[in-house]
Amino acid sequence: MESILLTAILVPLLGAFLVPVLGLYSSKIRNVFALVLVSLSLIASASLLGPVLSGKITTIFIPAIFGMDLIFSADALGVFMALTSTLLGIIIIFYSWGYINHFSNQNEYYYFVVLFLGAMAGLAYSHNLIFIYLFWEISAIACWRLIGFYREPQIVLKADKAFLITVFGALGMLLGFIILYTEYGSFDLRILQGMVAPNLAVLLIMFGIFSKSATLPFHTWLPDAGVAPSPVTALLHAAVLVKIGVFVFARVFVDGLTLEPLWGQVLPVVVAVSTVVAGGAALVEKDIKRIIAYSTVSQLAFIFLGLFTKSRLAVAGALLYILMHGLAKAGLFLCAGIVEHNLHTKDIRKMGGLIRTMPVTAFSFAFCALSVMGIPPFGGFFSKYMVIAGAAEGGNLWIAGTFIASAFLTILYLVRVFAVVFLGEPKLPEVKEGTSGMVWAVAILAGLSLLSGFLISYPNEFIQIAVRQMVGIE
């Protein structure tokens, strides 16, 4: 099982370096190889499900100096996160075959996408704070290049903005980790479990977490990242990047250290403001990708709320939210990519009536939007209900009420987008569906968003195991 765990991490992480080499000989071989690398990582992580379900945690430990031990541990939380990111990564790579097949820098694109997913696998299984930081920064470098994929000056500036905000936040987080080391003499999260985190360390670590997960006031880079190709924005918003922050909070402060009671009062207020402000911004925005980006900022606050509440129901809802939001939000961005790819505009005021010529994209967008809204029987309903109900059970009634208001805002702005883009009279002639691969990708994500609601007991059963393994939950 240790070899399988290493396979899940090292195959995409090291295999990524072969992707551009193969691209020099054949673009088809390169594309398939990139898909195979991520698929092997998915299969390896899936192979770890059996031990996790039986209560066994596979661990690799290689000692080193100054507490920088290499520690990979396949617990339920890590396996869940690795499976979610690689599953979405496979669909996004498949979609990319049709989306970027006419650009010159495809070798770099596939290299960084695979490296990005390998870094996520490494982060998901890491139990040493220094290696969490290392994989965190690898993802930042990959995102910087992917956001600036088109290389136009204004686009490069926005990529630089994303890089600077997340990297400086990460440096603050690293300082927080160092404070923990000076306090307790270890970077090993297994040793740190149950220890009380110094307030200064918590503040610095939260700078990093909020900057990566685009939480107010560090949220501005994420809507600007919409200048990237749509499969990249789907990868950022759904599969890996912004979920890193919520995952690290779960790993460090839910499954690891203990927070002072003050943080349980302050942090929910921060994310409550973030969800409402982002929802309001989405309601007035005209750029389809920026609307969906603001939606991501708003929805991430629900995940944070569940983790901050620390009740079993709320934490389970937050983890389930990571999966359900990932499926649906990836679908929304990929549908927006098909629209932008064919209409050559992101302004929703120039769209209309697309359901007539893009029926699969339209219905896929609708299904994914219904899941993000939290409409039953879609999977997003269960996660959203569990988070809000858990917050209410914990006595945070006004916070729960704020998030209910945010849920109504979600319905308003997503219904508005669907109505403006897909209904009404067509404004542009001769608009067609995307390539078969692109259409299949969005249809699969839409189907999974619906199917996950009917089969909710299966992911929920595994998530309950993850919650039982985590310490510090009421």
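This short talk goes through the side-chain interactions of the structure above, from charged pairs to cysteines, aromatic rings and the nonpolar core.

Let me say at the outset that what we have here is a predicted model, and that everything I describe has been computed from it.

I will begin with the charged side chains. As background, side chains of opposite charge can pair when their charged atoms come close. In this model the count of salt bridges comes to ten, and I would like to walk through a few of them. R290 pairs with D224, and the closest N and O atoms of that bridge are 2.9 Å apart. Since R290 belongs to helix α15, which covers residues 288-309, and D224 to helix α11, which covers residues 221-224, the bridge ties together parts of the chain that are 66 residues apart in sequence. As for its surroundings, D224 is buried, at a relative accessible area of 12%.

R290 has a further acidic partner, for there is also a salt bridge between R290 and E285, with 3.4 Å between the closest N and O atoms. E285 is likewise a buried residue, its relative accessible area being 18%. 

The next bridge is the one between the side chains of K289 and E340, where the N to O distance is 3.4 Å. Here K289 lies in helix α15 and E340 in helix α16, residues 312-343, so this pair ties together parts that are 51 residues apart in sequence. Are these two partners buried or exposed? Both K289 and E340 turn out to be buried. Returning to R290, salt bridges with shared partners join it into one network with K161, D224 and E285.

Let me stay with K289 for a moment. Its relative accessible area is 1%, and K289 is therefore classed as buried, the limit being under 20%. If we set aside residues up to four places away in sequence, K289 touches G226, A228, P229, S230, T233, F333, A336, E340 and K346, so that its salt-bridge partner E340 appears in the contact list as well.

Now to the cysteines. A disulfide is a covalent bond between the sulfur atoms of two cysteines. How many disulfides does the model contain? The count is zero. C143, which lies in helix α7, residues 129-147, is buried at 3% relative accessibility. In C368, which is in no disulfide, the sulfur has its nearest cysteine counterpart in C335, 5.7 Å away. With a cut-off of 2.5 Å between sulfur atoms, that separation is why the two are not counted as bonded. C368 is buried too, with a relative accessible area of 0%.

Looking again at C143, its contacts, leaving out residues up to four places away in sequence, are F116, L236 and L241. The C-alpha atom of C143 is also 9.7 Å from that of A228, although these positions lie 85 residues apart along the chain.

The aromatic side chains come next. A pair of aromatic rings is described by the distance of the centres and the angle of the planes. Over the whole structure the search finds 26 aromatic pairs. In one of them, Y95 and Y99, the ring centres are 5.8 Å apart and the planes are at 25°, so this pair counts as stacked. Both residues sit in helix α5, residues 76-99, and because they are four residues apart there, about one helical turn separates them. Y95 and Y99 are both buried.

Another stacked pair is formed by Y181 and F187, with centres 4.4 Å apart and planes at 15°. Y181 is partly exposed, at a relative accessible area of 26%, whereas F187 is buried at 5%. Beyond pairs, F103, Y109, Y110, F149 and Y150 make up one aromatic cluster.

Charges also meet rings in this model. The charged end of R145 sits over the ring of W144, at 5.6 Å from the ring centre, and that of K384 sits over the ring of F302, at 4.9 Å from the centre.

Finally, the nonpolar core. In soluble globular proteins, nonpolar side chains tend to be buried together. The largest nonpolar core here has 178 residues, and the members that touch the most others are Y125, I209, F249 and F253. Which helix gives this core its largest share? That is α16, which contributes 20 residues. As for Y125, its contacts, apart from residues up to four places away in sequence, include L5, A8, I9, L48, I71, F72 and V79.

Key
Residues are numbered from 1 along each chain as its sequence is written. This is a predicted model: local features need pLDDT of at least 70, side-chain atom pairs count only at pLDDT 80 or more; totals for chains, interfaces and linings use all residues. Side-chain values use heavy atoms; hydrogens and water are left out. A salt bridge is a side-chain nitrogen of Lys or Arg within 4 Å of a carboxyl oxygen of Asp or Glu. Helices (H or I, at least four residues) and strands (E, at least two) are DSSP runs, numbered from the N terminus. Buried means under 20% relative accessible area, exposed over 50%, partly exposed in between (1.4 Å probe, protein chains only). Rings of Phe, Tyr and Trp (its six-membered ring) pair if their centres lie within 6.5 Å; planes under 30 degrees apart count as stacked, over 60 as edge-to-face and the rest as tilted. A charge sits over a ring if NZ of Lys or CZ of Arg is within 6 Å of the ring centre and within 35 degrees of the ring normal. Contact means heavy atoms within 4.5 Å. A nonpolar core is a set of buried Ala, Val, Leu, Ile, Met, Phe, Trp, Tyr and Cys residues joined through side-chain atoms within 4.5 Å.
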